[in-house]
Amino acid sequence: MDTICFIVQEYFPKDQRVRKFSSLLLENGYAVDIICLKSKSQHRFERIENLCIYRVGIEKKRGGLFRYLWEYLVF
């Protein structure tokens, strides 16, 4: 079984693009790994059949250019 990995600087399942693409891939027999941001209420790792979600403990916050660059580099 082939595995596809998505790396997104957004929360999952909030990001509709990744949710739609991963659902389509799962329906067609692929395994899917997602590396994304972690909110306080989410687990660091989650497995649902052939879907593995790895969450990085950085929260997205509004701020200036420096905050955006810091989040992007740390992620």
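**Entry 1: threonine 3**

I started at threonine 3, which has its place in strand 1. Helices (H or I, at least four residues) and strands (E, at least two) are DSSP runs, numbered from the N terminus. I am working on a predicted model, in which local features need pLDDT of at least 70, side-chain atom pairs count only at pLDDT 80 or more, and totals for chains, interfaces and linings use all residues. Residues are numbered from 1 along each chain as its sequence is written, and side-chain values use heavy atoms, with hydrogens and water left out.

Threonine 3 has a relative accessible area of 46% and is partly exposed. The classes are buried under 20% relative accessible area, exposed over 50%, and partly exposed in between, with a 1.4 Å probe and protein chains only. I looked up the contacts of threonine 3 (heavy atoms within 4.5 Å). Neighbours within four places in sequence aside, threonine 3 is in contact with Ala31 and Asp33. I also took the C-alpha separation of threonine 3 and serine 22: 11 Å, with their positions 19 residues apart along the chain.

**Entry 2: the chain as a whole**

I listed two helices and four strands for the chain. Along the sequence they follow the pattern β-α-β-β-β-α. The C-alpha trace spans about 40 × 20 × 20 Å along its principal axes. The chain has 75 residues, and 32% of them count as buried.

For the accessible surface of the chain I have about 5,600 Å², with 56% of it belonging to carbon and sulfur atoms. These areas come from the Shrake-Rupley method with a 1.4 Å probe; for residues, only the protein chains shown count as cover. Among the contacts with a separation of 6 or more, 44% are between residues 24 or more positions apart.

**Entry 3: the sheet**

In what order do the four strands of the open sheet lie? I read the order as 1-2-4-3, with mixed pairing. Strand 1 and strand 3 (45-48) are the edge strands, and each pairs on one side only. Two strands pair if DSSP finds at least two bridges between them. Neighbouring strands of this sheet are turned by 15° against each other on average, direction ignored.

Strand 1 and strand 2 run parallel and are joined by six bridges. In this pairing I find isoleucine 4 opposite valine 32 in strand 2. From strand 1 the chain crosses through helix 1 to strand 2, and this β-α-β crossover is right-handed. Right-handed here means that, with the strands pointing away from the viewer, the path from the first strand over the helix to the second runs clockwise.

Strand 2 (residues 31-37) also pairs with strand 4 (residues 51-56), in the parallel sense over six bridges. Isoleucine 35 stands opposite tyrosine 54 in strand 4. Helix 1 packs on the sheet and touches strand 1, strand 2 and strand 4; the direction of helix 1 makes about 165° with that of strand 1. The axes are lines fitted to C-alpha atoms, for helices over the stretch in contact, and angles run from 0 to 180 degrees between N-to-C directions. I checked the cover of strand 2 as well: five of its seven residues are buried, and the strand is mostly covered.

**Entry 4: glutamine 9 and glutamate 10**

Is glutamine 9 buried or exposed? Its relative accessible area is 19%, so I enter glutamine 9 as buried. Glutamine 9 is in strand 1, and beyond four places in sequence it is in contact with Leu37, Lys60, Glu71, Tyr72 and Phe75.

Glutamate 10 is also found in strand 1. I enter glutamate 10 as buried too, because its relative accessible area is 17%. Residues up to four places away in sequence not counted, glutamate 10 touches Asp15, Cys36, Leu37 and Lys60.

**Entry 5: aromatic pairs**

How many aromatic pairs does the structure hold? I found two. Rings of Phe, Tyr and Trp (its six-membered ring) pair if their centres lie within 6.5 Å; planes under 30 degrees apart count as stacked, over 60 as edge-to-face and the rest as tilted.

The ring centres of phenylalanine 6 and phenylalanine 21 are 6.5 Å apart with the planes at 10°, so I class this pair as stacked. The pair links distant parts of the chain, 15 residues apart: phenylalanine 6 in strand 1 (residues 3-11) and phenylalanine 21 in helix 1 (residues 16-27). Phenylalanine 6 is buried, at a relative accessible area of 18%.

The rings of phenylalanine 45 and tyrosine 54 have centres 5.1 Å apart and planes at 50°, so this pair is tilted. Phenylalanine 45 counts as partly exposed at 40% relative accessibility, and tyrosine 54 counts as partly exposed at 35%.
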